[in-house]
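Student: I've got a complex to go through and I'd like to start with how its chains meet. Can you walk me through it?

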Amino acid sequence: MKKTLCFYFQIHQPVRLRRYRFFDIGKRHDYFDEYVNRSTIRRIAERCYLPMNNLILDLIKRYGTNFKVSFSISGSALEQFALHAPEVIESFQKLATTGSVEFLAETYAHSLASLSDTDEFERQVRRHTAKMKELFGQKPVTLRNSSLIYSDQIGERVAAMGFESMLTDGARHVLGWKSPNFVYTNVMNPRLKLLLKNSRLSDDLTLRFSDHSWHEWPLTADKYARWLKDSTQNSEIVNLFMNYETFGENQLAETGIFEFMRSLPEYIFSMTDFEFLTPSEAVKKHQPVAPLHVPYPISWADEEKDITGWLGNELQNEAFEELFKIQPKVEALNDPGLNEDYSRLQASDHFYYMRTKLFSDNDYHHYVSPYETPYEAFINYMNVLSDFVVRVEDMEKMRNIADDKITEEEKSPGKKKRVSRVKSAESTAKTTKKISTKEKR
Amino acid sequence: MFGWEFPPHIAGGLGTASYGLTKGLAKHGVKVMFVMPKAGGDEDQSVVKIINASDVEMMSEYSNLDEYWQNVNFMEIGSNLVPYLDPVTFERTVKETIKTGEYSEHIVFRNKFQFSGKYGTNLMEEVARYAMVAGTIAAQQDFDIIHAHDWLTYSAGIVAKKVSGKPLVIHVHATEFDRSGENINQQVYDIERRGMEAADRVITVSNLTRNIVINRYGINPDKVVTVHNAVDFQTRGDLEIDRGVKEKVVTFLGRITFQKGPEYFIEAANKVLKRYPNVRFVMAGSGDLFNRSVRRVAQLKIATKFHFTGFLRGDDVQKMFLYSDVYVMPSVSEPFGISPLEAMRAGVPTIISKQSGVAEVLKHSIKVNYWDIDALADAIYGLLAYPALGKVAGEKGLDEVNQLKWENAALKVEDVYKDVLGM
C-alpha cells in the first residue's frame, strides 16, 4: 500500500476593526476599517492567492488526479474576496471543478466558539457548510477548527454534527511517544477520525524555508522528497498543514517557494512511494491505530501548541466571556445586521492581538498586530463590543414592546384590531406592488 | 515671573495656573514680565510680556562671577549623578574635572541656548542653564519683585535675586512628595529646599502644601502663605454634545499615575457596578499605571462597563465633562487639583479626595479619604441613584466655582508683594 501525503491549506482573513473610541459608543456602528481590509486583501491576493492557485491548477493539469490538495477558507475571507478581489473566488471555483481539491468545513468567522459552551460553534459551522455548497458545490465531510484547535469535547461535538474526520495538530505533549503519521480517532466517538499535522515537515516550509541561518538552507524539492522518504519509514500518512499565505506572502516569491512547489510533485513521484490524497480519501484508506486522548484543547500555535495565544491572560478571558455571554440573545433575535457583526467580532485574530506572552518562537502566523500594545487592542475591542451589546439590548426591548402590542391588540377585540388589520393589509399590498414593479424591470 | 510653561503649550495645570494668575494680577494693575524657557510665539501677550529664554544671549562677564557659580554649580556637580545625563555633558564634565581638578567657567553658557521647555532627559541641564539666563535678564530688565513658579525655576529666581537684589517670592504648585510619594528624587528636593530658604516669601496653593513645606522642608511658617488657585472662565467653549450612551457616566480624568489614585477609582467602580448596573465608568488619561489599570479592569470582568479613552486634549476634555454625570478625583496627594473645578464648571457633581488642596476651598463637593473605597463607592452610588443629590451638588457646585476667581487669588498675591516690599 502506498503512503499518503496530504496537503491542507488554511485561508483566513479577519475583518479588521477601525479605531473605535468611547465617544463612538451608542452613536456609530461602523466598526471596521474598510481601507486596511481592502488593501490587505488586494495585496495578499496578488502576491499569494492568485499565483498559487494558478500554480496548483497547472499541477493538476499536468498530473491529473494524482495531485491533490485541500483548503479551508473562512467565511470572513470569502466575504472580503467577494468585495475586494472577486477573481480569487473564481479561481478557487476553477480548482473545485477539477475533482482534485477538497474543501473543508470550519467556523464561518474563524471563531473561538468551540471553546464556549454556547451553540454558536454549530451555528458557525452550519453557516460555513452552506457557503461551501453555494460557492464550490461540495458538502464538506471533514472539519478543521480555527488554528486546528481540538479537544475530546470538541471532537465529540464535531462527530455529532455528522463529520467523518477532523484535522488537528500532532502536539508532542499529547502524542508522547506516538507518531503523528497515522490516523487516530476521537476518544468519545471513535467514528470521528483524526489527521495530525506533521510539524517538522510542515514548518520546514512555513518557518524555515527562507531562513539563511538554517543549516539546511537552501531547501530544494529533491532534498525535501528525500527527507520525506527517510524520516517516514514506519509511517502511513504525512500531513502537511499550513497557512496558504506561506506561499508568496510569508515566504516571498523571491525565496523560490513557488518554484519549489512546482517541482515537488515530480520528486515525490519519482523518489518516494507516496501518493497525494485529500483528507476524506485518506481516512477511508487508512485504518485508525488508536484513540487519541486530548482532555485540554490543543492548537497549532506557538511552542506550547495550546490555546494560550488567544485565551492566555485576563484581557483575553474577559473579552471572550463578554462576547459569548450575549450569544443566546443574538441567536434569539436573529437579526441579519447583528448576526453579521457578531460573526466578525468572533474572529480569533481580535483575541490574538491581545496576547501578552512573549514570542518565544519564530511566530509562524507572522502576525502584524494593528495595535501598538495588547492593551490598546483590548480597549478598542471592548469599546466595539460595548456598543454591540447596547444594540442587542435595544433591539430586544423593541421586539418586546412590539410583542406586547400584538398581544394587547389580540386581547381587546374592537376597533383597534380592525384598524391594525386594515393597515397591515395595506402595507402588504404596497410591498407586493414594489416587488412586482421590480420584477417587471 | 519665572515659569516653565504658559498656554497654549502646556503639559499640565502649572501653565494654566500661571496664566490665570498673570491675568488676575493685570486686573489689579500689576505688570508682569513672564520668562519661559521656550516660547511658541502664540502665547496671549495682552496681559503679560513674554520673554523667551532661548532668545537671550548670555553675558560672558556674569559667567565669571564667583557668586554666580555658588548658586548654580551644585547642579553641575550633581549632574553626572543624574540618570538621564547626556553623553556630551558627561564627557565635558569629566574632562574638565580631570584637567583642572575643579570646575572651570569658560563654559558653553556664553551663547544662546535652545531650551526645549519640555520635561525631557536634559531637564537638569535645562534647569541650570535657565538659571544662568535668568541672571542676564535680571541685570538687563527693570522690575520690583521676582516670582518663581515650581522647582524648575527656583534656581533662576535665586540667581535673579543675587544679581538684582530684589526680593524673591516662590510659588509652590507641587512638591516632590506629591509627585513621587516617599521615594523622592533627592536632587529635586534639594533644589526645592534651597529655593524656599532663599525666598522672602513662599506661596503655597493649599494648606496641605503649606504643611508639607513647613514640616518636610523645615521652612519658617511665618513666611509661608496659602493662596488657593482659581479657574479661568474666559476659555469656556460653548460645546454642545449629544451623548451616545444612555447610561450614566462616571469619569476619572487625569494622569494615570500613583499620585492620582486610579486604582481606588477602579475598585470603587467594581463595587458600584454590582449594585447599580445602569452606569459606565470612564478613565481618561495616560500614565505609567495605564497597563496595570486595564489589566485590573479585565480581571474584575467589568470591561464592557469601564472604558479607557487614552490621553485627551483640547475639546475632547470639555466633551468628556459634558458626557459625565459624576466626576471623581481620588488623588493620593494633590497640592491643589484644578480638574474638579473644571468639572463643576460644566455642572457636574464631583467627588474629591480629602488629600487634595482643592478640598479646602470646596463646600459643594463630596469628600472622601482616597483609600476608603467603600466611602467612594457609596458617594458615587448616592449621586447616581438619588437624582436630587446630583442635581443640587451640580448646581451649587457651579455657583461655588463661579466665585473662585483669579482676581481674588491675585489680590492675595499682591498683598504678599506689598508685604515684602514694605509697602
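Tutor: Sure. Contact here means heavy atoms within 4.5 Å, and keep in mind that this is a predicted model.

Student: With that cut-off, how many residues does chain B bring to the contact with chain A?

Tutor: Both chains take part, so count each side under the 4.5 Å rule. Chain A puts in 21 residues, and the number from chain B is 26.

Student: Which element of chain B gives the most to that side?

Tutor: Four elements of chain B each supply at least two residues there: β8 (279-284), α10 (290-299), β9 (306-310) and α11 (315-323). The top contributor gives six residues, and that's α10(B).

Student: And by class, how many residues on the side of chain B that touches chain A are nonpolar?

Tutor: Take the other classes first: six residues on that side of chain B are polar and eight are charged. The nonpolar count is 12.

Student: What about charges across the interface: which residue of chain A pairs with B:Lys246?

Tutor: The rule finds three salt bridges between chain B and chain A. In one of them, the side chain of B:Lys246 sits 3.0 Å, N to O, from its partner. That partner is A:Asp394.

Student: Where is the confidence lowest among the elements of chain B?

Tutor: Chain B averages a pLDDT of 82, and strand β10 (residues 326-329) of chain B has the highest mean, 96. Over residues 60-86 of chain B, though, the pLDDT is below 50. The element with the lowest mean pLDDT, at 38, is helix α2 (residues 66-79) of chain B.

Student: What ipTM does the predictor give the complex?

Tutor: There are two scores for the complex, and the pTM is 0.77. The ipTM is 0.70.

Methods: Residues are numbered from 1 along each chain as its sequence is written. Chains are lettered from A and ligands numbered from 1 in the order in which they are written. This is a predicted model: local features need pLDDT of at least 70, side-chain atom pairs count only at pLDDT 80 or more; totals for chains, interfaces and linings use all residues. Side-chain values use heavy atoms; hydrogens and water are left out. A salt bridge is a side-chain nitrogen of Lys or Arg within 4 Å of a carboxyl oxygen of Asp or Glu. Ala, Val, Leu, Ile, Met, Phe, Trp, Tyr, Cys and Pro count as nonpolar, Asp, Glu, Lys and Arg as charged, and the others, Gly among them, as polar. pLDDT is the predictor's confidence in each residue, from 0 to 100.
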